[in-house]
Structures are given as C-alpha cells and as structure tokens.
Amino acid sequence: DRLVGFSMLIAATAVFLYYTVWTLFMPFVDEDHALHSLFPPRVWAIRIPVILIVLFTTVVGSFLSVVMIRSNRKKALKAKQKKAS
C-alpha cells in the first residue's frame with residue numbers, strides 16, 4: 001500500500017510540475033528554443049483539463065443516475081410485494 005501511494009504521489013507531482021512549467025514558464029521562452037519540442041501546443045493546456053472535467057462529470061452523473069434508478073426500482077418492488085401480502 002505504501003509503495004502504491006508513494007508511486008501515485010510521485011506521478012501526481014511529476015504531472016503537476018510538467019503542467020506548471022508548460023503553462024506558466026513556457027510562454028516566456030523563445031519560440032525557437034529547444035524546450036518547446038518537449039511540450040504540446042499551448043491550446044492543449046486548456047483543452048486537456050476541459051476534456052477531463054467533462055469526462056469526470058459524465059461518469060459521476062451516470063453513476064448517480066444508475067444508483068437512483070435502481071433505488072427507485074427496489075422501492076417499487078417492495079411496495080408491490082407489500083400490497084400483494
């Protein structure tokens with residue numbers, strides 16, 4: 001568990017540092033500098049988080065919808081069984 005947690009912490013730190021350098025420091029570096037080859041175009045600095053937020057919201061919304069539908073079906077089934085008794 002500690003190894004998995006530590007590796008997740010290292011991965012999150014690496015992603016945070018990469019994104020921070022890409023969005024905050026690279027605009028001040030000359031366009032013809034070799035560092036620009038390590039980063040995608042700046043437009044993706046906005047597109048990637050927006051895509052991830054939409055995807056996350058869709059997954060959470062779908063999960064909540066499925067849970068609510070199943071909960072209502074169980075309540076309806078219990079009420080139907082109670083009426084039949």
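**Questions on a predicted two-helix chain**

Trainee: Does Asp-1 count as buried or exposed?

Mentor: In this predicted model, Asp-1 has a relative accessibility of 88%. The cut-off for exposed is over 50%. Asp-1 is found in the segment before H1. At 88%, Asp-1 therefore counts as exposed.

Trainee: What is the separation of the C-alpha atoms of Asp-1 and Ser-37?

Mentor: Along the chain, Asp-1 and Ser-37 are 36 residues apart. In space, the distance between their C-alpha atoms is 36 Å.

Trainee: How many helices and how many strands does the chain have?

Mentor: Helix H1 covers 2–25 and helix H2 covers 44–84, with a loop between them. The count for the chain is 0 strands and 2 helices.

Trainee: Why is the chain said to be more spread out than a compact globule?

Mentor: For 85 residues, the globule rule gives 12 Å. The C-alpha atoms fill a box of roughly 80 × 35 × 15 Å along the principal axes. The chain is more spread out than a compact globule because its radius of gyration is well over the value from the rule, at 24 Å.

Trainee: Which residues does UniProt list for "transmembrane region", and what is the helix content of residues 48–69?

Mentor: The unreviewed UniProt entry lists residues 7–28 and 48–69 under that term. Residues 7–28 are 86% helix and 0% strand, with end C-alpha atoms 31 Å apart. For residues 48–69, the end C-alpha atoms are 32 Å apart, and the helix content is 100%.

Trainee: What percentage of the residues of the chain count as buried?

Mentor: A residue counts as buried under 20% relative accessible area. The chain exposes about 7,800 Å², and carbon and sulfur atoms supply 73% of that area. Of the 85 residues, the buried share is 7%.

Trainee: Which side chains meet in a salt bridge?

Mentor: A search of the whole structure finds 1 salt bridge. Its partners both lie in the loop between H1 and H2, so the pair ties together parts that are 11 residues apart in sequence. One partner, Glu-31, counts as exposed at 60% relative accessibility, while the other, Arg-42, counts as partly exposed at 43%. With an N to O distance of 3.1 Å, the side chains that meet are those of Glu-31 and Arg-42.

Trainee: How many Å apart are the mean positions of the positive and negative charges?

Mentor: The chain has 11 positive and 4 negative charges. A mean position is taken for each of the two sets, and the distance between them is 43 Å.

How values were computed
Residues numbered from 1 in each chain as written. Predicted model: local features only at pLDDT ≥ 70, side-chain atom pairs only at ≥ 80, totals over all residues. Heavy atoms only, no water. UniProt positions renumbered as here; feature names shortened; annotations may be inferred. Helix = DSSP H or I, 4+ residues; strand = E, 2+ residues; numbered from the N terminus. Rg over C-alpha atoms; globule rule 2.2 N^0.38 Å. Buried < 20%, exposed > 50% of the residue type's maximum accessible area, 1.4 Å probe, protein only. Areas by Shrake-Rupley, 256 points an atom, 1.4 Å probe, with all protein chains shown as cover. Lys, Arg positive; Asp, Glu negative; His and termini not counted. Charge placed at Lys NZ, Arg CZ, Asp CG, Glu CD. Salt bridge = Lys/Arg side-chain N within 4 Å of Asp/Glu carboxyl O.
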